[in-house]
Amino acid sequence: MDLDVFVSAHRAEWDRLDALLRRRRRLTGPETDELVALYQRTATHLSLIQSSAPDPQLTGRLSQLVARARSVVTGTRRASWRDVTRFLTQQFPAAVYRARHWWVPTALLSTTVAALLGWWIGTHPEVQSTIAAPSELRELTRPGGQYETYYSSNPAASFAAQVWTNNAWAAALCLILGVFLGLPVIWILFQNMLNLGVGFGLMSSAGRLDTFLGLVLPHGLLELTAVFVAAGTGLRLGWTLIDPGPRTRRIALAEEGRAAIGMAVGLALVLFVSGAIEGFVTPSGLPTWARITIGVLAELAFLAYVYVLGGRAVRDGETGDVEAAERSATVPTAA
């Protein structure tokens, strides 16, 4: 593209759009139609320049012009309960469903790693000795020891809030840091599995594996699923940089990044539920079978939510991205 020729050919249109946007009085019907047409053409011009002959000064001017025109054409949009309902019933479950080919293998592989670490620690006393002194290990694993009292060490509401904050932050890091080719996500995930494996191994070596599972499963099923979803989505975001598919790398990263941001909000709600279970159900006096049943039901409800609502939304064309009117204007890209 010859940028000078392109600017000369379309400068009058851009100036006319700018003039219409500066009008103090209400536009007439023909002027409104002209503004909409000029806005659409200028958005296309901006996409062409960005993809073929990027010029910072010209791109900045046209970006501001398109943004101003969009606000006039679409009006100021305010969030409503309809947006919240659509997010919870379509966007979020669809985003999780679309990412299932990433987070399901992530969950299976991570669980396997945690189990192997737990077996290795539990069957090798010399490994246990590198974790803590024998007296400290006994204090951790004995009946009424630190593994059990941890869940009732603070008031339930305070403990639930602390757990929710920590887990939500870990999930957000997985989603945000995925853009660095997914490498930080792998490290965060390994740290979580290492902590789980240490507890599994130490409690099993003390003959108290049943107690450990009774404490972890009620909240851990849903909590770990949320972490796996975040990690899988972060890894997919990192892979988008390597292989954006038929989309340009910029467009692919923007689309997947917007979906990931929305998923962070949804997962915070999921982790709020798991935090409430960990704060109020795990340390409760309910029988072990009842506590585990609550955790299993919460996990099954989330999976049904994703695969039923999310699958239906995806089949209807939902991607988890924001609505088309809120995205930057682009031109079609050849596959």
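R142 sits at a relative accessible area of 37%, which puts it in the partly exposed class (under 20% is buried, over 50% exposed, and partly exposed in between, using a 1.4 Å probe and protein chains only). Before we dig in: this is a predicted model, so local features need pLDDT of at least 70 and side-chain atom pairs count only at pLDDT 80 or more, while totals for chains, interfaces and linings use all residues. Residues are numbered from 1 along each chain as its sequence is written, and side-chain values use heavy atoms, leaving out hydrogens and water.

**Exercise 1. Find the salt-bridge partner of R142 and say whether that partner is buried or exposed.**

Step 1: R142 meets E139 in a salt bridge, 3.0 Å from N to O (a side-chain nitrogen of Lys or Arg within 4 Å of a carboxyl oxygen of Asp or Glu).
Step 2: E139 falls in between, partly exposed at 30% relative accessible area.
Step 3: Zoom out, and the whole structure holds 8 salt bridges.

**Exercise 2. Work out which salt bridges E13 and R16 make, and which helices they link.**

Step 1: Take E13 and look for its partner, which is R41, with the closest N and O atoms 2.7 Å apart.
Step 2: Place the two ends: E13 is in helix α1 (residues 3-21) and R41 in helix α2 (residues 29-52), 28 residues apart. Helices here are DSSP runs of H or I with at least four residues, strands are E runs of at least two, and both are numbered from the N terminus.
Step 3: Now do R16, which pairs with E34 at 2.9 Å between the closest N and O atoms. R16 is in helix α1 and E34 in helix α2, so this bridge ties together parts 18 residues apart in sequence.
Step 4: Check accessibility. R41 is partly exposed at 38%, R16 is partly exposed at 28%, and E34 is partly exposed at 29%.
Step 5: For a bonus, pick out the salt-bridge network that links D18, R22 and R68.

**Exercise 3. Describe the surroundings of T282.**

Step 1: Locate T282 in the loop between α12 (249-281) and α13 (288-315).
Step 2: Its relative accessible area is just 2%, so T282 is buried.
Step 3: Look for side-chain partners: T282 and H219 share a polar contact of 3.0 Å (N or O atoms within 3.5 Å; within protein, one must be able to donate a hydrogen and the other to accept it, and residues adjacent in sequence count only if both atoms are side-chain atoms).
Step 4: List the contacts (heavy atoms within 4.5 Å). Skipping neighbours within four places in sequence, T282 is in contact with Y151, L215, P218, H219, I277 and R291.

**Exercise 4. Characterise how helix α11 packs against α13.**

Step 1: Get the geometry: α11 (residues 209-242) and α13 pack at about 10°, with axes 8 Å apart. Axes are lines fitted to C-alpha atoms, for helices over the stretch in contact, and angles run from 0 to 180 degrees between N-to-C directions.
Step 2: Classify it: α11 is roughly parallel to α13 (angles under 35 degrees; over 145 is roughly antiparallel, 65 to 115 roughly perpendicular, the rest oblique).
Step 3: Name some contributors. Among them are L215 and P218 of α11, and R291 and F302 of α13.

**Exercise 5. Which residues does A160 touch?**

Step 1: Place A160 in helix α9 (residues 156-177), where it counts as buried at 10% relative accessibility.
Step 2: Not counting residues up to four places away in sequence, A160 touches G275, A276, G279 and F280.
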